[in-house]
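Me: I would like to go through a protein structure and ask how each label is earned. Please give the value and the cut-off each time.

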Amino acid sequence: MHGQMAETTKEEVDGGNEVNDPSEWDEDATKGLKNGGEQMESPVKEKSLGVLKTFRRNLKGFSPKTQKDKRSENTDDQTSNSLSRPPHSPSLSRGSPSQSSLQSPKTEKTSLTRTMSDSAVEITGSLARRGALFRQSLGLGTKKYKQEPLEPVTEAMTLPEEQTEVVDAVLKLRDTYTLPEIPPMPLSVMEINRLIEKEHLEEAYVNLLSLCLELQREQALDQEDYPIELVNKEKDLSLLFATLRNKMSAIVRNSIVRNSSDLPSRNKELLVYVATIILEEEKRQGEPGAMQGWREAWRDAVLNGVRDTLKKVPLDSCEQNTSWLAVHLGLVGKDVKEDLERVKTELLNSYPADFNVFETYVSCHHEAVVEHLKRLLEKVTELKDYYALLDFIIHRYPSEKIMGSSSLQPELKEDQRALPVDKDFLNQIKDKYCARLQADMKTSLNRIIDLENEEMWKEKRKPVIDEGIYSSHIDMDIWTHITGQVQGSRRIDVNLEQKVVRSCLEEMKTFPKRFESAFVEWSSPLSNSSLWAEYHISYINSFSALKEHMESYKDTSPIQLELVQKEIDRLTTSLSQAVMENFKKDVEPFLRRQMTGKWFSFDEDFLQLIDRTKTLSEQSKYMTPKHKQAFVNEAHFFVVKEYVSQLMKNNYLCKNRKNETAATKITKQWEELKEIFQDMNSSLDWLHPVGNQLSNIIGCKKSEIKRNLEPLVESYPDIRKGHLSAVLYFRGITRGREKHTILQRLAELKQETGNPGNREQALFSEIQAAVNTDCLAGTPFSCLSFIVPDS
């Protein structure tokens, strides 16, 4: 008969109450929470439970029909999955080495028919009276309990008088509560399940223990034959324990959910029962069939409750609010702080001290927040949102506004304030931040080029003069952008600052080439205008200033800085060379027409040379000193070299004393050129004598040439025989004894001085002399003495 009852009971449980699906039981349990948890009548023990039923109805004040029809709205499948690990069977399997100390000794097989004994009725009535006395101590009476809205928690954490009374009552219950005695005859599986659904945890638990003992006794009596009834009962017992754990988990999970209808003071009473059952089960860990992991399941329930809270924090989309993440993180921090305040003031009193409730809630908040941030990271694409994440993790979360709040002291220790984020996750955010920053910077730099084109190039505006030099302000635009990013990252931490500096410099490496390409494309048609040179000079100045600004990152990122500086140097050199080549190209036609027949009577070419050089001199005044000196020196050297080179080309031969006229003109022109380059502050003073020294050789008597040759060789030891031959040709000495004696004197002077010359002051070595086509030019003088007169 017992076997039939076990099968029937199992069918009822499996079919009507879905015992095999703990999650559904959890939903039923939550349903009971919402409707007050009225005790349903038992068809088997209606008489013995009459007092308890009346007590429950008076306490809760709701109908069984409402309980049956209403489903829970707050139960999450995640709770059931994470908190309903497949439990070990709580019954003793056949062949177990030991039995419970409460097990009856084996005598003879007894009937498995379940009847209600007087002692069971007495125990059940005692339970009902115990519960009634406790509820009277809370001043609940018989009318329905109404949850008053919680007052806002202040920094002083002062509770309203009503809540203080509830806390005192819960403390008294926690300190005095003991588990009721285990009834000798348990309720049926259906009745125990209904007790769990109604959250009558203490009654359900002692009946489960009684059922467990009953199963152990029956297993001991049937050692040889293991009937199917015992297998079913063992399974039912396991499912009931799982259901009890799920219900306890739901209670714990909902205890942190704010604005919930499941949070009257009765919930705090249930937490006392939850803690007691967990402690009792931990004591039974060494007994046969004891279910494992109760404390772990409790922590999982706490964690899931925190997860539920975070899921309810409002989260706008980026389309709805550009500051969606910053706003959301502010609300997350506010909720975390308020949750922990509630744990401190309302939930701590329901647990024994060894549960470490506050520490557990803190660690669960840490864990849930980190999980939440990882999900948020998947939605982030903008730089400001990456920044908001980093700022929240590193600064805001452990600050006085959240975990460092005085309202959480002294329970929350200093070492618990920081969010325990693993290094890889933090680096992942920083890397994404830097990647986004680099992409944004590229866009910003391209925009700088576009603005320069729109505001300056297209409008052909002259560059502004700032502190006496042309300026484009590109350097300040770029520098301000980089500095802002670096300073912002420095507020997060030094590590991010270093990453940001490297990212900015990495992007800056390619900018000079992009800028040059765009500028050259626009400016090429204007190469003959003064505006073209002014723009070049302004960009030389601006990029030179930018290079100086970036010197401050030498210690932070030396390798990347060096690469950027090389690119800037290449750009400024290219811009400078462009101006110089344009000047050279401009004056070369006028220089080529010097020292010709037309040159004697026509000054227009030289005047054009002077005009172009003065224009360059005026432009160079607005160049930064560092580049100006090298630029002016190059222009000076070029003009001197090209002017002297015209003497070396054998383009003209002075006759009939025209050499004196030529010498006078050379001297005059040379003084004008020297004056211009002195005004330009050229540092190549060693070039100044060459014009006068050459004009002296050209204009003096033949007998004085050797004497005038000496200072020329001393100043310019790199002069060669070909150079002097060309000068003599221009003067009118093309061959004969005079030429050869002069050339011989040159060789003697070079040998006497033995000075190869300063390579930094080499002029004639840069000038190519015309090839002498005279077949007798190289013949030794002794061989020609028979045809050359002595005078």
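What follows is a set of questions and replies about this predicted model.

Me: What does the protein consist of in terms of helices and strands?
Reply: There are 28 helices and 2 strands. Buried residues make up 53% of the 791 residues. The accessible surface comes to about 37,100 Å², and 50% of that belongs to carbon and sulfur atoms.

Me: How many disulfides does the structure hold?
Reply: The structure holds 0 disulfides. In general, a disulfide is a covalent bond between the sulfur atoms of two cysteines.

Me: Why is Cys-434 not bonded to Cys-504?
Reply: The label needs two cysteine sulfur atoms within 2.5 Å. The closest cysteine sulfur to that of Cys-434 is in Cys-504, 8.3 Å away, so the pair is too far apart for a bond.

Me: Is Cys-434 buried or exposed, and how do you know?
Reply: Buried means under 20% relative accessible area. Cys-434 has 7%, so Cys-434 is buried.

Me: What makes Cys-318 partly exposed?
Reply: Partly exposed covers the range between the 20% and 50% cut-offs. Cys-318 has a relative accessible area of 43%, therefore Cys-318 is partly exposed.

Me: Which residues does Lys-499 touch?
Reply: Leaving aside residues up to four places away in sequence, Lys-499 touches Lys-430, Asp-431 and Cys-434. Lys-499 itself lies in helix H18, residues 494-508.

Me: Why does Lys-499 count as buried?
Reply: The cut-off for buried is under 20%. Lys-499 has 17% relative accessibility, so Lys-499 counts as buried.

Me: Why is the pair of Lys-374 and Asp-422 called a salt bridge?
Reply: The label asks for a side-chain nitrogen of Lys or Arg within 4 Å of a carboxyl oxygen of Asp or Glu. The closest N and O atoms of Lys-374 and Asp-422 are 3.7 Å apart, so the pair qualifies under that cut-off. The pair links distant parts of the chain, 48 residues apart: Lys-374 is in helix H14 (residues 357-377), and Asp-422 is in the loop between helix H15 (383-396) and helix H16 (423-457).

Me: What makes Lys-374 and Asp-422 partly exposed?
Reply: Lys-374 has a relative accessible area of 37%, and Asp-422 has 35%. The range for partly exposed runs between 20% and 50%, so both residues get that label.

Me: How do you know that Arg-490 and Glu-497 form a salt bridge?
Reply: Their side chains meet at 3.0 Å, N to O. The cut-off is 4 Å, so the pair counts. Arg-490 is partly exposed at 44% relative accessibility, whereas Glu-497 is buried at 13%.

Me: What makes Glu-704 and Arg-707 a salt bridge?
Reply: The N to O distance between their side chains is 3.9 Å. That is within 4 Å, so the pair qualifies. Glu-704 is partly exposed at 28%. Arg-707 is exposed, with 55% against a cut-off of over 50%.

Me: Which residues are joined into one network by salt bridges that share partners?
Reply: Glu-214, Glu-218 and Lys-233 are joined in this way. In total, the structure holds 40 salt bridges.

Me: Why is Leu-230 called buried?
Reply: Leu-230 has a relative accessible area of 1%, under the 20% cut-off, so Leu-230 is buried. Leu-230 is found in helix H10, residues 228-254. The C-alpha atoms of Leu-230 and Glu-218 are separated by 7.6 Å, with the two residues 12 apart along the chain.

Me: How do you know that the length of helix H9 is close to the expected value?
Reply: Helix H9 (residues 201-221) has 21 residues and reaches 30 Å from its first C-alpha to its last, close to the 30 Å expected at 1.5 Å a residue.

Me: What makes H9 mostly covered?
Reply: In H9, 20 of its 21 residues are buried.

Me: What makes helix H27 mostly covered?
Reply: Helix H27 (residues 721-731) has 8 buried residues out of 11. Among them are His-723, Leu-728 and Phe-730. The buried residues of H27 pack against helices H24, H25, H26 and H28. Just after H27, Gly-732 takes a positive phi of about 120 degrees.

Note on methods
Residues numbered from 1 in each chain as written. Predicted model: local features only at pLDDT ≥ 70, side-chain atom pairs only at ≥ 80, totals over all residues. Heavy atoms only, no water. Buried < 20%, exposed > 50% of the residue type's maximum accessible area, 1.4 Å probe, protein only. Helix = DSSP H or I, 4+ residues; strand = E, 2+ residues; numbered from the N terminus. Contact = heavy atoms within 4.5 Å. Expected span 1.5 Å × (residues − 1). Areas by Shrake-Rupley, 256 points an atom, 1.4 Å probe, with all protein chains shown as cover.
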